[in-house]
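Trainee: I would like to learn how to read a protein model step by step. Could we go through one together?

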Amino acid sequence: RVVLDLKSRRVPPRVWARLVDHLRSRGLCVDGLGSFSIDELRSIGSFCSTPITQVIFFHSAGDLQRACHAGEVKHGDTVFFNAGSLIWKKPTLCEASGLGWCATTSSALLDADFYDNG
């Protein structure tokens, strides 16, 4: 049982549908097609000889939320997203800078600059 992850945007929907039909005719159980492009998925599914689950991929829960608010995700759609986005902690400026230390006041920054340039 497989879900095909579509990577190419240059392959026509009819070709993807024929590939799915061919794989199924050879005994492979293709359970779904997945892509980050919702329009691509919906068009491919319309060309398959038998229904196929269309899996919409999102990088994060925030991307999924944005798509829901934009009306791109419909009731009954199957979606996958990176679950790590639910527990990801946004780094502070100090952590993101990689300096390993943070100044708590502007005078500490000025003092540090003095010593670096002094």
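Mentor: Gladly! Let us begin with a term: a residue is buried if its relative accessible area is under 20%, exposed if it is over 50%, and partly exposed in between. Keep in mind that this is a predicted model.

Trainee: With that term in hand, what percentage of the 118 residues in the protein chain is buried?

Mentor: The cut-off for buried is under 20% relative accessible area. Applied to the 118 residues of the protein chain, it gives a buried share of 23%.

Trainee: What pattern do the helices and strands follow along the sequence?

Mentor: The protein chain has five helices and four strands. Read along the sequence, their pattern is β-α-β-α-β-α-β-α-α.

Trainee: Which residues touch the most other members of the largest nonpolar core?

Mentor: This core has 17 residues. At least two of its residues come from each of α1 (13-25), β2 (30-35), α2 (38-45), β3 (53-58) and α3 (61-69). The residues that touch the most other members are Leu6, Val20, Leu33, Ile44 and Phe58.

Trainee: Let me pick Ile44. Which residues does Ile44 contact, leaving aside its neighbours within four places in sequence?

Mentor: Ile44 is one of the buried residues of α2, and what covers the buried residues of that helix includes α1, β2 and β3. Beyond its sequence neighbours, Ile44 is in contact with Leu6, Pro13, Trp16, Ala17 and Leu33.

Trainee: Within what arc do the buried residues of α2 fall?

Mentor: Start with a general point: an α-helix has 3.6 residues a turn, so residues three or four places apart point the same way. In α2 the buried residues are Ile38, Glu40, Leu41, Ile44 and Gly45. They line one face of the helix, because seen down its axis they fall within an arc of 160°.

Trainee: Now the strands. In which sense do β1 and β2 pair?

Mentor: In this pairing, Asp5 stands opposite Gly34 in β2. Five of the six residues of β2 are buried, so to speak of that strand as mostly covered is fair. Four bridges join β1 and β2, and the sense of the pairing is parallel.

Trainee: How far apart in space are Leu4 and Gly32, C-alpha to C-alpha?

Mentor: Leu4 lies in strand β1 (residues 2-5). Not counting residues up to four places away in sequence, Leu4 touches Val20, Leu23, Val30, Gly32, Leu33 and Gly34. Leu4 and Gly32 are 28 residues apart in sequence, and in space their C-alpha atoms are 6.3 Å apart.

Trainee: What share of the contacts with a separation of 6 or more joins residues 24 or more positions apart?

Mentor: We have just met one pair, Leu4 and Gly32, with their positions 28 residues apart in sequence. For the protein chain, the share from residues 24 or more positions apart is 48%.

Trainee: On to charges. Which residue forms a salt bridge with Arg1?

Mentor: Side chains of opposite charge can pair when their charged atoms come close. The structure holds four salt bridges. One of them links distant parts of the chain, with Arg1 in the segment before β1 and its partner in strand β2, 30 residues apart. The N to O distance is 2.9 Å, and the partner of Arg1 is Asp31.

Trainee: Is Arg1 buried or exposed?

Mentor: Its partner Asp31 is partly exposed at 28%. Exposed requires a relative accessible area over 50%. Arg1 has 74%, so Arg1 is exposed.

Trainee: How far apart are the closest N and O atoms of Lys7 and Asp5?

Mentor: Lys7 is exposed, with a relative accessible area of 63%, while Asp5 is partly exposed at 37%. In their salt bridge, the distance between the closest N and O atoms is 3.1 Å.

Trainee: Last, the rings. Is the pair of Phe57 and Phe80 stacked, edge-to-face or tilted?

Mentor: There are two aromatic pairs, and ring pairs link Phe36, Phe57 and Phe80 into a cluster. Phe57 lies in strand β3 and Phe80 in strand β4 (residues 78-81), so their pair ties together parts that are 23 residues apart in sequence. Planes under 30 degrees apart count as stacked and over 60 as edge-to-face. The ring centres of Phe57 and Phe80 are 5.9 Å apart with planes at 35°, so the pair is tilted.

Technical notes. Residues are numbered from 1 along each chain as its sequence is written. This is a predicted model: local features need pLDDT of at least 70, side-chain atom pairs count only at pLDDT 80 or more; totals for chains, interfaces and linings use all residues. Side-chain values use heavy atoms; hydrogens and water are left out. A nonpolar core is a set of buried Ala, Val, Leu, Ile, Met, Phe, Trp, Tyr and Cys residues joined through side-chain atoms within 4.5 Å. Buried means under 20% relative accessible area, exposed over 50%, partly exposed in between (1.4 Å probe, protein chains only). Contact means heavy atoms within 4.5 Å. The arc is that of the directions from the helix axis to the C-beta atoms. A salt bridge is a side-chain nitrogen of Lys or Arg within 4 Å of a carboxyl oxygen of Asp or Glu. Rings of Phe, Tyr and Trp (its six-membered ring) pair if their centres lie within 6.5 Å; planes under 30 degrees apart count as stacked, over 60 as edge-to-face and the rest as tilted. Two strands pair if DSSP finds at least two bridges between them.
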